[in-house]
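Ready for a short walk through a protein model? Have the sequence and the 3D view side by side, and let's take it one stop at a time.

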Amino acid sequence: MGLMDFIKKELIEIIDWQDDSRDTLSYRWPDDDKQIKNNAQLIVRESQVAQFVYLGKYADTLGPGKHTLSTENIPVLSTILGWKYGFETPFKADVYYVTTRTFAGNKWGTANPIMMRDADFGVVRMRAFGQYDFKIVNPPLFLKEVAGTDNHFRLDEFADVMRSKIVTVFTEAIASAKVPALDVAARYSEIGSALLPAINPITTSKYGIEVTAFNIENVSLPPEVEQAIDKRGAMTTIGDMGEYIRYNMANAVGEGKAGTMGFGAEFAMGLGVAQQMNQQPGGTVGTNPNAPRGMVPGAMAAPVAAAAAAPAAAPAMELMNPAQVAQVLGVAESDVLAELDAGNLKGRKIGTQWRITKDAVDAFLKG
């Protein structure tokens, strides 16, 4: 073997790398400690860039195509090596291939709850999980801050390195965007798209990557916040709270569910609550001259008086069954049924059930 053959074997004439994987982010081309011949050929395929590194300094970045390595197309490295005047000596440099295609379906998640200030609930703890797509847009910065000097940097290593960083970026973006917890929990896709303008300036400037899609798949809030959300949704569904209360009271009367409290007191309290919920003006608390004797026992007088002093309240169904009339009058239910059968107490029998109006009770007591 001649001297020239030996020297030729020690020089690199063609630099080429074919990626046969789907998870390689960066790959250091193996030079076997050989020097690169001046005017050597560099082949870069689509979705790749070649990054030259000399003594820890990031030099030229070459995109897809076939390149002849000379002072014309590697000006930065030529300057570092002192080739300003056309030196043609071999040189030693590391060549990293960096994949620039989009890597999709990368998972992210908060290992611990993140604290965020919310306009509705104050400070809340929130967990979030989802996926994101990214691509490398600044190879020198990516190699410096993420991949380092790894000879073959793969996606699984990237996930371990970036998971906490992505969560940090997400937390900062949520805090700066001031997105309410109610919106985060209910509008995943919209929030994910809206966060991209807040996330990308951070990921691009710090790590050299661009997040092309950011999806939130699940948000977990503390139980007390979830209960508050449920209550708010229920109130929105109900709409007019006053009408809702009156409807429930009418059903309770028809089904005989006045309870031990007594129909008169429960009816009056319902009217008072409905009046407050509708923000209608109330009258002066006093007694009702038309109230039947025995209808307001002891502490029940105040709610009844409040109901009587609310002329703006909407009229409600004032119906009672025999058991409720007996409770109001303080007599046995059989006595009420006897008066109904005798016609002394006016009522209407529907099937086997009697229904008596309050006016009929008042007339019976006066008569």
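Two strands count as paired if DSSP finds at least two bridges between them. Keep in mind as we go that this is a predicted model.

With that in hand, let's look at a small sheet. Three strands make it up, in the order β13-β15-β14, and the sheet is open, with antiparallel pairing. At the edges sit β13 (319-320) and β14 (348-350), each of which pairs on one side only. Zoom in on β13 and β15 (residues 353-357): they run antiparallel and are joined by two bridges. Which residue of β15 is the bridge partner of methionine 320? Look for isoleucine 356.

Next stop: helix α13, which covers residues 358-366. Its buried residues are Lys358, Ala360, Val361 and Asp362. Buried here means under 20% relative accessible area. So what covers them? Among the covering elements you'll find two strands we've just met, β13 and β15, along with α11 (322-329).

Now hop back along the chain to another helix, α3, at residues 139-147. Here the buried residues are Pro139, Leu141, Phe142, Leu143, Val146 and Ala147. Right after α3 comes glycine 148, and its phi is positive, near 65°.

Let's turn from the chain to the empty spaces. The second largest pocket has a volume of about 170 Å³. It is lined by 13 residues, and those closest to its centre are Val53, Leu55, Gly56, Asp94 and Tyr96. Two elements, β4 (48-54) and β7 (94-99), each give two or more residues to this lining. What mix of residues do you meet around the lining of this pocket? Seven are nonpolar, three are polar and three are charged.

Finally, some enclosed spaces. How many cavities of 30 Å³ or more does the structure hold? There are two. The second largest cavity contains about 30 Å³ of space. Its lining is made by Ile12, Ile15, Trp29, Asp31, Ile36, Ala93, Asp94 and Val95. Strand β7 turns up again here: β7 and β1 (11-16) each supply at least two of the lining residues. Sorted by type, the lining of this cavity has six nonpolar residues, no polar ones and two charged ones. Try finding Asp94 in your view: it lines this cavity, and Asp94 is also one of the residues closest to the centre of the second largest pocket.

How values were computed: Residues numbered from 1 in each chain as written. Predicted model: local features only at pLDDT ≥ 70, side-chain atom pairs only at ≥ 80, totals over all residues. Heavy atoms only, no water. Helix = DSSP H or I, 4+ residues; strand = E, 2+ residues; numbered from the N terminus. 1 Å grid on protein atoms, 1.4 Å probe; cavity = no way out; pocket = protein on both sides within 12 Å on 5 of 7 lines; lining within 4 Å. Points joined across faces, edges and corners; volume = space filled by probe spheres on them. Nonpolar A, V, L, I, M, F, W, Y, C, P; charged D, E, K, R; others polar. Buried < 20%, exposed > 50% of the residue type's maximum accessible area, 1.4 Å probe, protein only. Contact = heavy atoms within 4.5 Å.
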